[in-house]
Amino acid sequence: MAHEKKRYKAVIADQTYTIIGRETKQHMDIVTNLINEQLIELKELSPQIDNEQAAILVAVNALSDQLKKQEKNLELEKEVANLKKKMIKFVEMENRIKRIEAIENEAREVLKENGQTDQVIKNHVEAQQILNEKRKGQIKQKSSN
C-alpha cells in the first residue's frame with residue numbers, strides 16, 4: 001500500500017521549507033535535526049563559510065555517504081547471492097548423501113535377506129552393485145515364470 005504524500009514544514013538554518021514526501025513526521029524530524037547539526041558543525045569548523053556553502057558541503061557529504069552505502073549494499077547483495085548458491089550446492093550434496101545412505105541401507109537389507117551378514121559394504125558403488133544383482137535375479141525369476 002502506497003503512502004500518501006504529505007507536506008512537512010522543516011526549519012533548516014532558520015529558514016522554513018515545505019517538503020513534500022511520503023516519509024513520516026518522525027523521519028523528517030530526524031532528517032531536519034541531522035541537517036541542522038551538520039550545518040552547525042560546519043559553521044563551527046569554518047566560520048567564514050555562508051549558509052549556502054555549508055548547505056552544499058552537507059549535500060556533498062550526504063551524497064558521498066549514500067554512494068558508500070549503495071556500494072556496500074551491492075557487495076552484500078553479491079555476498080547473499082553467493083551464499084544462496086553455496087546453500088543450494090550444500091542441499092544438493094545433502095540430498096545425494098541421503099540417497100547414497102538409502103542405497104547402502106537397502107543393500108544391507110539384501111545382504112541380510114541372503115544371510116550374508118558378515119559382508120561389509122565398502123562404498124556406494126558396491127552397494128549399488130548388490131542392488132543391481134538383486135534386480136537381475138528378480139527379472140530372471142519373472143521371465144522364467
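Visitor: Which share of the contacts between residues at least 6 apart in sequence joins residues at least 24 apart?
Guide: In the protein chain, 17% of them do. Contact means heavy atoms within 4.5 Å. This is a predicted model: local features need pLDDT of at least 70, side-chain atom pairs count only at pLDDT 80 or more, and totals for chains, interfaces and linings use all residues. Residues are numbered from 1 along each chain as its sequence is written, and side-chain values use heavy atoms, with hydrogens and water left out.

Visitor: OK, what order do the elements run in?
Guide: From the N terminus, β-β-α-α-α. That makes three helices and two strands. Both are DSSP runs: helices are H or I, at least four residues, and strands are E, at least two.

Visitor: What does UniProt say about residues 57-113?
Guide: The unreviewed entry annotates them as "coiled-coil region". Such annotations may be inferred rather than shown by experiment.

Visitor: And how much of that span is helix in the model?
Guide: 100%, with 0% strand. The end C-alpha atoms of residues 57-113 lie 83 Å apart.

Visitor: What about the whole chain, what does its C-alpha trace span?
Guide: About 100 × 35 × 20 Å along the principal axes. The radius of gyration is 35 Å, whereas a compact globule of 145 residues would have one near 15 Å. That radius is taken over C-alpha atoms, and the globule rule is 2.2 Å times the number of residues to the power 0.38.

Visitor: How many of the residues count as buried?
Guide: 14% of the 145. Buried means under 20% relative accessible area (1.4 Å probe, protein chains only).

How values were computed: Buried means under 20% relative accessible area, exposed over 50%, partly exposed in between (1.4 Å probe, protein chains only).
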